[in-house]
Amino acid sequence: MSRTPRPHPFITAQLYGRHRMWLSASAAGLALIAAWAGAALLSPDNLATQLALRNLPPSLQHPFGTDWLGRDMLTRTLKGLVLSLKVGILAGAVSAMIAAVLGLLAATMGSLADRIITWCIDLFLSVPHLVTLILIAFVLGGGAKGVIVGVALTHWPSLSRLIRAEVLHLRSAEFVQVSRRLGKSRFWIGTRHILPHLAPQLLVGLMLIIPHAILHEAAVTFVGMGLSPHEPAIGIILSESMRYLSTGMWWLALFPGLCLLLLVRCFGRLGEHLRLLVDPRRAHE
């Protein structure tokens with residue numbers, strides 16, 4: 001009587017790890033979609049002042065409670081998360097474009113351009129992101145414009161260094177050398193060989209920049225250099241709640257802070273899983 005062969009334990013562990021990775025990524029994606037959909041479905045009327053409902057603790061009617069003006073904290077939190085998400089995606093996309101351009105220039109425009117861009121990368125990396133971001137936002141007068149420009153100009157160096165190294169590696173690859181011997185132009189090589197290989201790196205870099213951009217936007221807004229106080233931003237909600245924590249209104253800071261950390265964690269998890277998928281050395285982990 002023949003036995004059914006059992007799979008090797010190593011193969012079973014690989015399949016289990018891949019399934020767990022897909023489940024984790026799906027859960028993170030669904031959480032982001034749920035936050036975006038919830039913010040769109042909740043009525044803006046919940047943000048209106050209702051003094052009769054002020055300072056209510058969490059309940060079935062108001063899961064996150066209400067604030068000192070009677071505004072629903074669940075609505076304010078979800079609207080703030082979506083606002084932070086929009087700022088983070090836009091600033092991260094601009095930062096990734098800057099990183100791609102400077103990385104390509106450093107690797108293809110000769111030693112002088114490489115030294116200048118490498119010096120700029122080292123300069124920006126030597127200064128804490130938050131300090132530079134606050135200075136840029138202050139010079140631009142704060143607001144969404146100041147935050148977006150500040151985040152975009154402070155989060156490109158690490159990705160730019162990665163793009164530069166990747167382009168230098170691709171230039172010495174055998175298939176690029178063969179294309180050069182066949183008389184292909186630099187534009188043809190760049191569009192057919194270089195950019196397709198850089199696209200996954202840029203996508204992963206963007207996914208990993210976004211959570212940093214969201215946290216830094218909330219931090220700058222918290223200290224008063226970011227978004228307008230009239231907007232339901234998470235940094236503004238946390239800043240305003242500090243005045244009421246001593247009176248026992250703990251829900252004003254707890255739920256928005258937890259939701260912000262969950263949002264950042266979801267993007268970080270998606271970025272890590274995407275990095276594992278596009279890395280050929282770790283594709284079977």
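**Exercise 1.** Over the face of which residue does Arg243 lie, and at what distance from the ring centre?

*Solution.* The model is predicted, so local features need pLDDT of at least 70 and side-chain atom pairs count only at pLDDT 80 or more, whereas totals for chains, interfaces and linings use all residues. Residues are numbered from 1 along each chain as its sequence is written, and side-chain values use heavy atoms, with hydrogens and water left out. A charge sits over a ring if NZ of Lys or CZ of Arg is within 6 Å of the ring centre and within 35 degrees of the ring normal. Arg243 lies over the face of Trp68, at 6.0 Å from the ring centre. Arg71 also lies over the face of Trp68, at 5.7 Å from the ring centre.

**Exercise 2.** Classify the pair formed by Trp250 and Phe255, and state how each residue is exposed.

*Solution.* Rings of Phe, Tyr and Trp (its six-membered ring) pair if their centres lie within 6.5 Å, and planes under 30 degrees apart count as stacked, over 60 as edge-to-face and the rest as tilted. The search of the whole structure finds 5 aromatic pairs. One of them joins Trp250 and Phe255, with 5.9 Å centre to centre and 50 degrees between the planes, and is tilted. For accessibility, buried means under 20% relative accessible area, exposed over 50%, and partly exposed in between (1.4 Å probe, protein chains only). Trp250 is therefore partly exposed at 44% relative accessibility, whereas Phe255, at 19%, counts as buried. Ring pairs link both residues with Phe64 and Trp251 into a cluster.
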